[in-house]
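Subject: Structure for you to look at

Hi,

Here is the structure I promised to pass on. Have a look at it first, and then read my notes below.

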Amino acid sequence: GAAAAASGMALVRAAGSTPRLAGAAARCGYASLGLQARALSTATRLSQVRADGELLEALVLRGDEKSDLMCVNMMCEHVGGPCACKLARTISRVPNLRRLEIPGHGLEFLPDVLDELAELEHLDVSHNKLTDLSVVSRLPKLKTLRADGNALAALPAELAALAGSLSELSLRDNRFEAEPPVLAALREAAPEMTIDLGGNACAADVEDDGLTARRPARGGRTVPVLAYIETR
């Protein structure tokens, strides 16, 4: 036991030139396992977010583990189902988070405290039940936003505030009947931005003759493509 612990500490010291992180790893009990401090930078369960969550850079909660965001608060109207309240409590402990992935949990809204993640660069909220992304517009360093497979029918005008940082926006398979006006503002301010609206009604443009179809380009504009349709 003592030899294993000493070996583990040696590995953390070998990570070497980062004594502050090594010390944090030792305090969290990782040194005896021989894990380097860098292992603290990603969590895949809420239970892995420790009190000193300022070391955490990525929180990846895939929807195959529903209990992570299942509400257990008997006073909450969402008890027994997906709720953002557990996520909200965690956010206050991870101020330096750069990546947050919470796809497939059935969330109906995002917590207002999401805007406390001032360092967040990548956000994936795909395959939930979201109808509003207003809080996302208050993430000043956001580079990529994936919100595919939700119930979005509109986008807030405030989203234009992300033009200086956002490089990729994916909104596939939502409920957009018409292209949200804010996307034009984003394209004008950031012509290189990738915007994907595939799978929405506003992206469908099929001609009645059955010979030519149209599909959205990655920037949201439409370009013609030849479609060969078998006639019977």
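The sheet is a good place to start: this predicted model has an open sheet of seven strands, paired in parallel and ordered E1-E2-E3-E4-E5-E6-E7. The edge positions belong to strand E1 (42-43) and strand E7 (194-196). Each of these two has a single partner strand, so one of its sides has no neighbour in the sheet. As general background, strands in a sheet pair through backbone hydrogen bonds, in either a parallel or an antiparallel way. At the E7 end, strand E6 (residues 168-170) and E7 are joined by three bridges in the parallel sense. If you want one pair to click on, Leu169 has Ile195 in E7 as its bridge partner.

Next, the inside. Which residues have the most contacts within the largest nonpolar core? They are Leu100, Leu114, Leu123, Leu133 and Val136, in a core of 44 residues. Two helices, H3 (85-91) and H4 (182-189), each supply at least two residues of this core. H4 gives the most, with three residues. To get a feel for the packing, try Leu114: leaving aside residues up to four places away in sequence, it touches Ile91, Leu100, Leu123, Val135, Val136 and Leu139.

H4 deserves its own view. Its buried residues are Val182, Leu183, Leu186 and Arg187. Looking down the helix axis, you will find these within an arc of 140°, so they line one face of H4. Glu188 and Ala189 are exposed on the other side of the helix. And what covers the buried residues of H4? E6 and E7 are included in that cover.

Arg187 may catch your eye in that list, as it is an arginine with a relative accessible area of 16%, and it counts as buried because the cut-off is under 20%. Arg187 forms a salt bridge with Glu179, with the closest N and O atoms 2.8 Å apart. Glu179 itself is partly exposed, at a relative accessible area of 33%. Elsewhere, Arg62, Arg99 and Glu101 are joined into one network by salt bridges that share partners.

In total there are eight salt bridges. Two more of them are worth a look:

- Lys143 pairs with Glu121, the closest N and O atoms being 3.9 Å apart. This pair links distant parts of the chain, 22 residues apart: Lys143 is in the loop between E4 and E5, while Glu121 is in the loop between strand E3 (99-101) and E4. Lys143 is partly exposed, with a relative accessible area of 37%, whereas Glu121 counts as buried at 18%.
- Arg146 and Glu168 meet through their side chains at 2.4 Å, N to O. Arg146 is in strand E5 and Glu168 in strand E6, so this pair ties together parts that are 22 residues apart in sequence. Arg146 is partly exposed, with a relative accessible area of 35%.

Now some backbone angles to check. In general, most residues other than glycine have a negative phi. Where does the model have a positive phi in a residue that is not a glycine? One case is His127, with a phi of about 55°. His127 lies in the loop between strand E4 (122-124) and strand E5 (144-146). Another is Asp173, where phi is near 55°. Asp173 is in the loop between E6 and H4, and at 41% relative accessibility it counts as partly exposed.

Finally, a word on confidence before you set anything up. The mean pLDDT of the protein chain is 75, and 68% of its residues reach 70 or more. Which stretches stay under 50? One is residues 1-39, for which the model has 31 contacts beyond four places in sequence. Another is residues 206-232, with 35 such contacts in the model. As a general rule, predicted coordinates should not be read in detail where pLDDT is low.

Shout if anything here is unclear.

Cheers

Notes
Residues are numbered from 1 along each chain as its sequence is written. This is a predicted model: local features need pLDDT of at least 70, side-chain atom pairs count only at pLDDT 80 or more; totals for chains, interfaces and linings use all residues. Side-chain values use heavy atoms; hydrogens and water are left out. A nonpolar core is a set of buried Ala, Val, Leu, Ile, Met, Phe, Trp, Tyr and Cys residues joined through side-chain atoms within 4.5 Å. Buried means under 20% relative accessible area, exposed over 50%, partly exposed in between (1.4 Å probe, protein chains only). Helices (H or I, at least four residues) and strands (E, at least two) are DSSP runs, numbered from the N terminus. Contact means heavy atoms within 4.5 Å. Two strands pair if DSSP finds at least two bridges between them. The arc is that of the directions from the helix axis to the C-beta atoms. pLDDT is the predictor's confidence in each residue, from 0 to 100. A salt bridge is a side-chain nitrogen of Lys or Arg within 4 Å of a carboxyl oxygen of Asp or Glu.
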